[in-house]
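Q: Hey, got a minute to go through this one with me? Let's pull it up.
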Amino acid sequence: MNTTRTLATARRVLRQLGHDPRTIALMLVVPCVLLTLLKYVFDDALRTFDSAGAALLGIFPLVTMFLVTSIATLRERTSGTLERLLSMPLGKADLLAGYALAFGAVAVVQAALATGLTVLALGLDVSGSSWLLLLVALADAFLGIALGLFVSAFAASEFQAVQFMPAVLLPQILLCGLFVPRGAMQPALTGLSDVLPMSYAVDGMSEVVHHAGVTGDFVRDLAVVAGCALLALALGAATLRRRTA
Amino acid sequence: MMNKHGPAIEATALSVRRGSRTVLDDLRFAVPPGRITGLLGPSGCGKSTLMRAIVGSQARVAGTLDVLGRPAGHRDLRARVGYVTQAPSVYTDLTARQNLDYYAAVLGIPRRERATHVQEALHDVDLTGHADALAGNLSGGQRGRVSLAVALLGAPELLVLDEPTVGLDPVLRRDLWQLFHRLAADRGTTLLVSSHVMDEAERCHRLLLLREGRLLADDTPEALRERTGATTVEDAFLHLVDEADRGAAAHAPAGSPAPPTVRKAAS
């Protein structure tokens, strides 16, 4: 790892985004609009908004970062810039950390806006600290970055890359407890949801909403999400090869 | 450290396979330091594969391939070899200057020197007037020159350029060749330049002629013309192709009319 190269990569990725203000706006505004919509959908059922809103605070950063990272790294692979970078003195870890830092920074802003809006304006009833919500959102964003990076290796085109979103993330959204509590599903599905990382992303959010202070379950959820992100990142690193056929 | 005496690139029994196909077959050649060596041959003959092998991006390389005294792809070579792929490898959503600034950082050029290096590279490829335009908004030729400027950063000892003049107008092509000669003469840079436009061969000090993964010739343009009795390198190449096709024993009659081939630059 080389700090200069990592920071240069992060700055480069942010500069690329800087030339694309529409993407930034979409990343930041869309979650807020959807959460507001959700609030009025559940106008009569405040408890439902508390649980669904919390779950979505965990899901949004994951989905957004997954999409952005998978497309960005796919572009890097297909434009020849990845091959060029890997023929230069750039470590794979520098590249990955650079991406994680840049998109992580965007995720912080996105999560801060979404959390702030939900707690302050939409009246989400949070027992724990809003900072913990932010922390989980950030971990979820990193998971999205790592998964996006990993699947981009299996996409040959941007068409394929966007299809990985429904393929990889939608099943997790269905099973994460957003629609039906995880324990109330068929045992087989509960078991499946137990091994999917998004379940822990959403559980972590619920812990903060329902409990004051840091619970053991919260720590476990956060650790699982972070562990899965690191695992996906390591697998993603293995797909970056200096020599290709 | 520059390897002053030995060849800049030395290949022995170099082969590359892709799937079941042999892309490069048992190549042996040496590229002298501080000179411009042209790598010529028709599209699909293995030029790009050979260049990728030299910069260490190509998988399944067999045989010996030494670059600046190290095995090709050695980590010490990564800052000493500049490489330009056929398609411009730059970020289209960054300006030319931002592209160069990033690659300069990756090459390890200290922050306070970066702006100077970037400006010099932009000047070398005559893009100072477009430095702050998005690479995606530049013309194809201009984007190619941004990609070339990236390879010039940090004054690498070896430049591997894959068809750097494709699609450029005659004036720019002349300017770039003047730049290549300046780099070789003033900085002692070794250049390996591929092209399928044979008239560019006359501008090189040495030539490697490649056809279907095999080396047809490794010589100076003058010696090639002399040996084949041809007036241009293009005729010499065609002569060698015919000769190779007829087998080693056959000798093509001098002055046999070369087939009327027009080799256009790929658009």
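A: Sure. Helices here are DSSP runs of H or I with at least four residues, and strands are E runs of at least two. Keep in mind that this is a predicted model.

Q: OK, so what does the secondary structure of chain B come to?
A: Seven helices and ten strands for chain B.

Q: And why is it as compact as a globular protein of that length?
A: Chain B has a radius of gyration of 19 Å, and the globule rule gives 18 Å for 267 residues; the two are close, so chain B is as compact as a globular protein of that length. Its C-alpha trace spans about 60 × 35 × 35 Å along the principal axes.

Q: How much of chain B counts as buried?
A: 47% of the 267 residues. As for contacts in chain B between residues at least 6 apart in sequence, 66% of them join residues at least 24 apart.

Q: Switching to chain A: at what angle do H9 and H10 pack?
A: About 150 degrees, with the axes of H9(A), residues 197-210, and H10(A), residues 216-238, 8 Å apart. H9(A) passes H10(A) in a left-handed crossing.

Q: Which residues make that contact?
A: On H9(A), they include Pro197(A), Tyr200(A) and Val208(A), and on H10(A), Phe218(A), Leu222(A) and Cys228(A) are among them. By class, the contact has nine nonpolar, one polar and four charged residues.

Q: How many residues does the contact take from chain B and from chain A?
A: 25 from chain B and 22 from chain A. Helix H2 of chain B, residues 96-106, gives the largest share of the chain B side, four residues.

Q: What's that side like by class?
A: The side of chain B that touches chain A has 13 nonpolar, eight polar and four charged residues.

Definitions and conventions. Residues are numbered from 1 along each chain as its sequence is written. Chains are lettered from A and ligands numbered from 1 in the order in which they are written. This is a predicted model: local features need pLDDT of at least 70, side-chain atom pairs count only at pLDDT 80 or more; totals for chains, interfaces and linings use all residues. The radius of gyration is taken over C-alpha atoms; the globule rule is 2.2 Å times the number of residues to the power 0.38. A residue is buried if 20 or more other C-beta atoms lie within 10 Å of its own, exposed if 12 or fewer, and partly exposed in between; C-beta atoms are placed from the backbone. Two residues are in contact if their C-beta atoms, placed from the backbone, lie within 7 Å. Axes are lines fitted to C-alpha atoms, for helices over the stretch in contact, and angles run from 0 to 180 degrees between N-to-C directions. A crossing is left-handed if the near helix is turned anticlockwise from the far one by less than a right angle, and right-handed if clockwise. Ala, Val, Leu, Ile, Met, Phe, Trp, Tyr, Cys and Pro count as nonpolar, Asp, Glu, Lys and Arg as charged, and the others, Gly among them, as polar.
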